Amino acid sequence: MFTFYLVFLLPVLVYMVAFLYETWLSFKRLKNPKAGRASYVTATWEVTHTLLVFAVVTLLMTFTQDLVRLASTLFWPTFIAAIALGLRAIGYLYIFYVRPRMSQANWVDWSFALTHVVAALFLAVTVVKALWFIGQQHPIANTQFFPIFIPGLLLVLAVCIVPIAVLYRTK
């Protein structure tokens, strides 16, 4: 199970650190909405979400025999996080690509920032509930994919961390 925890939690932790940085940037933007994209690291979106997808696939592929029980445990926090991420995407598109530059933050900017908090909170709840489920229910782990997950994790981390580090260093 150590391998599962490593392959599941490492990308989740890197994702959460990057996502919390994006959350901080979204609140920082509220002071100067005219800055637009210059004060928000846009290119990390897809990179960080790749880490989240990797972790979800690892979780689902490891506990294939207990997907129904796992899904019922994780449905609501995952659903709420997905709604927050969807609203965040809508806010992002509107703020950075539709509306003209503004001198003051309005309700859309605040909503955009708050969706980060809601998404981060419910993604964290999802991870905690998944770990609680594994600890309490002891589902049977399907370990046949671990030999592929480990090099996959190394590749995904390398492909994701390098661009994130460069972007955050230069922004």
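Visitor: What makes Phe4, Tyr5, Phe8 and Phe63 one aromatic cluster?

Guide: Aromatic pairing is the key: rings of Phe, Tyr and Trp (its six-membered ring) pair if their centres lie within 6.5 Å. Phe4, Tyr5, Phe8 and Phe63 form one such cluster. Do keep in mind that this is a predicted model, where local features need pLDDT of at least 70, side-chain atom pairs count only at pLDDT 80 or more, and totals for chains, interfaces and linings use all residues. Residues are numbered from 1 along each chain as its sequence is written, and side-chain values use heavy atoms, leaving out hydrogens and water.

Visitor: How many aromatic pairs does the structure hold?

Guide: There are 16 aromatic pairs. In one of them, phenylalanine 4 and phenylalanine 63 sit 5.1 Å apart, centre to centre, with 75 degrees between the planes.

Visitor: Why is the pair of phenylalanine 4 and phenylalanine 63 called edge-to-face?

Guide: Planes under 30 degrees apart count as stacked, over 60 as edge-to-face and the rest as tilted. The angle here is 75 degrees, so the pair is edge-to-face.

Visitor: How do you know that phenylalanine 4 is buried?

Guide: Buried means under 20% relative accessible area, exposed over 50%, partly exposed in between (1.4 Å probe, protein chains only). Phenylalanine 4 has 0%, so it is buried. Phenylalanine 63, at 1%, counts as buried too.

Visitor: Why is proline 77 called buried?

Guide: Its relative accessible area is 5%, so proline 77 is buried.

Visitor: Which residues does proline 77 touch, not counting residues up to four places away in sequence?

Guide: Proline 77 touches Phe122, Val125, Thr126 and Lys129, where contact means heavy atoms within 4.5 Å.
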